[in-house]
Amino acid sequence: MDIFYEIHKDIPREGPGDNDSTKQAITMLKDIPENSTILDIGCGPGMQTIELAKNINGKVFAIDINKTFLDRLVETSFNNNLSRKIEAKQMSMFSLEFKQDNFDVIWCEGAIFIIGFERGIQEWRNYIKIGGYLVVSEISWLRKDIPEEPKSFWESDYPEIKGIADNIKIIETSGYSPVGHFVIPESGWWKDYYNPLIDRINKLRKKYINNKEANNRLDNTQREIEMYEKYSDYYGYVFYIMKRID
Ligand SMILES: C[S@@+](CC[C@H](N)C(=O)[O-])C[C@H]1O[C@@H](n2cnc3c(N)ncnc32)[C@H](O)[C@@H]1O
């Protein structure tokens, strides 16, 4: 098995986030139709998909390229009696197979970095009805005085990382009106994401004690976690809620 999947399989989430933040963002959607059509992009194992289906009337289409995550979501939907409200499909965020102007809400927690913030909000806009919403969470600088260590770490991992004001400027010039934004709490990084990853790293260190390649991968994940432990005042995951205006 690919070491990446061994590190990541069967953990509650695949990126920072928590149900309270998902619910907080849902409360910022005003006047959506009674029977909304929602698209959750890069759903992973689908913790936020379940929350969307529980809190919004309508149908949630959840897409990801990873079949194992989608299978987990199908099982969790069934266990929560939500199978009728959630449809999981294997599909890439780079080539959405839906009609234009189709969705009341497009949602993407912790996955827009894969296509890039600016490209994602511009391309996905075509699939949202005019007056509909796009909600994304994206790693963002929280201050201007970023120390060199996290700056070079994140700029080499994700060169598109920006501050909140710069992301809002992109939203405003991409055919949306910004509705609001908020930073997820630090607990949203630890509880369902980094803490389970730390346990997994400790187990895999024992399994792969003499495997240099596996240990390099484990070192990379551990370094990311240590970076956040040290510099969480400087960057965070930010929810951006925006409305398509034309
Ligand atoms: C950081 S995880 C976030 C998952 C989930 N939203 C969460 O918060 O737990 C990113 C997800 O994007 C998926 N992904 C990667 N490339 C993709 C692509 N081209 N199209 C759709 N999903 C993709 C991964 O399989 C993974 O589930």
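**Exercise 1. Ile114 and its surroundings**

Task: In this predicted model, determine in which loop Ile114 lies and whether Ile114 is buried, partly exposed or exposed.

Solution.
Step 1. Ile114 is located in the loop that runs between strand E4 (103-109) and helix H5 (117-125).
Step 2. The relative accessibility of Ile114 is 45%. Partly exposed residues fall between the limits of 20% and 50%, so Ile114 counts as partly exposed.
Step 3. Together with Phe94 and Phe113, Ile114 makes a nonpolar surface patch of about 270 Å².

**Exercise 2. The ligand**

Task: State which residues come nearest to the ligand, and describe the polar atoms that Glu14, Gln48 and Glu109 place by the ligand.

Solution.
Step 1. There are 19 residues around the ligand, and Glu14, Gly42, Asp64, Met93 and Glu109 come nearest.
Step 2. Glu14 contributes a polar backbone atom, which is 2.8 Å from an oxygen atom of the ligand.
Step 3. Gln48 contributes a polar side-chain atom, 3.5 Å from a nitrogen atom of the ligand.
Step 4. Glu109 has a polar backbone atom at 2.8 Å from a nitrogen atom of the ligand.
Step 5. On its own the ligand has 590 Å² of accessible area, of which the protein covers 89%.

**Exercise 3. Backbone angles of two aspartates**

Task: Give the phi values of Asp10 and Asp31, and state where Asp10 and Asp31 are found.

Solution.
Step 1. Most residues other than glycine have a negative phi.
Step 2. Asp10 is not a glycine, yet its phi is positive, at about 60 degrees. Asp10 belongs to the loop between helix H1 (3-8) and helix H2 (19-26).
Step 3. Asp31 also has a positive phi, near 55 degrees. Asp31 is in the loop between H2 and strand E1 (36-41).
Step 4. The relative accessibility of Asp31 is 80%. Since exposed means over 50%, Asp31 counts as exposed.

**Exercise 4. Pro196 in its helix**

Task: Establish which helix holds Pro196, whether Pro196 is buried or exposed, and which residues Pro196 touches beyond four places in sequence.

Solution.
Step 1. Pro196 is part of helix H8 (residues 187-207).
Step 2. Its relative accessible area is 17%. Because buried means under 20%, Pro196 is classed as buried.
Step 3. With residues up to four places away in sequence left out, Pro196 touches Ile11, Pro12, Trp190 and Lys191.

**Exercise 5. Salt bridges**

Task: State how many salt bridges a search of the whole structure finds, and describe the pairs Lys23 and Glu51, Arg125 and Asp246, and Lys230 and Glu149.

Solution.
Step 1. The search finds 17 salt bridges.
Step 2. Lys23 and Glu51 meet through their side chains at 3.7 Å, N to O. Lys23 lies in helix H2 and Glu51 in helix H3 (residues 47-55), so this pair ties together parts that are 28 residues apart in sequence. Lys23 is partly exposed at 34%, whereas Glu51 is buried at 6%.
Step 3. The side chains of Arg125 and Asp246 meet at 2.7 Å, N to O. This pair links helix H5 with the segment after strand E8 (235-244), 121 residues apart. Arg125 is buried at 17%, and Asp246 is partly exposed at 45%.
Step 4. Lys230 and Glu149 form a salt bridge at 2.8 Å, N to O. Lys230 is in helix H9 (residues 212-231) and Glu149 in helix H6 (residues 148-157), 81 residues apart.

Note on methods:
Residues numbered from 1 in each chain as written. Predicted model: local features only at pLDDT ≥ 70, side-chain atom pairs only at ≥ 80, totals over all residues. Heavy atoms only, no water. Patch = residues over 30% accessible without salt bridge, like charges linked within 9 Å, V, L, I, M, F, W, Y side chains within 5 Å. Areas by Shrake-Rupley, 256 points an atom, 1.4 Å probe, with all protein chains shown as cover. Salt bridge = Lys/Arg side-chain N within 4 Å of Asp/Glu carboxyl O. Helix = DSSP H or I, 4+ residues; strand = E, 2+ residues; numbered from the N terminus. Buried < 20%, exposed > 50% of the residue type's maximum accessible area, 1.4 Å probe, protein only. Near = heavy atom within 4 Å. Polar contact = N/O pair within 3.5 Å; in protein donor to acceptor, adjacent residues only side chain to side chain. Contact = heavy atoms within 4.5 Å.
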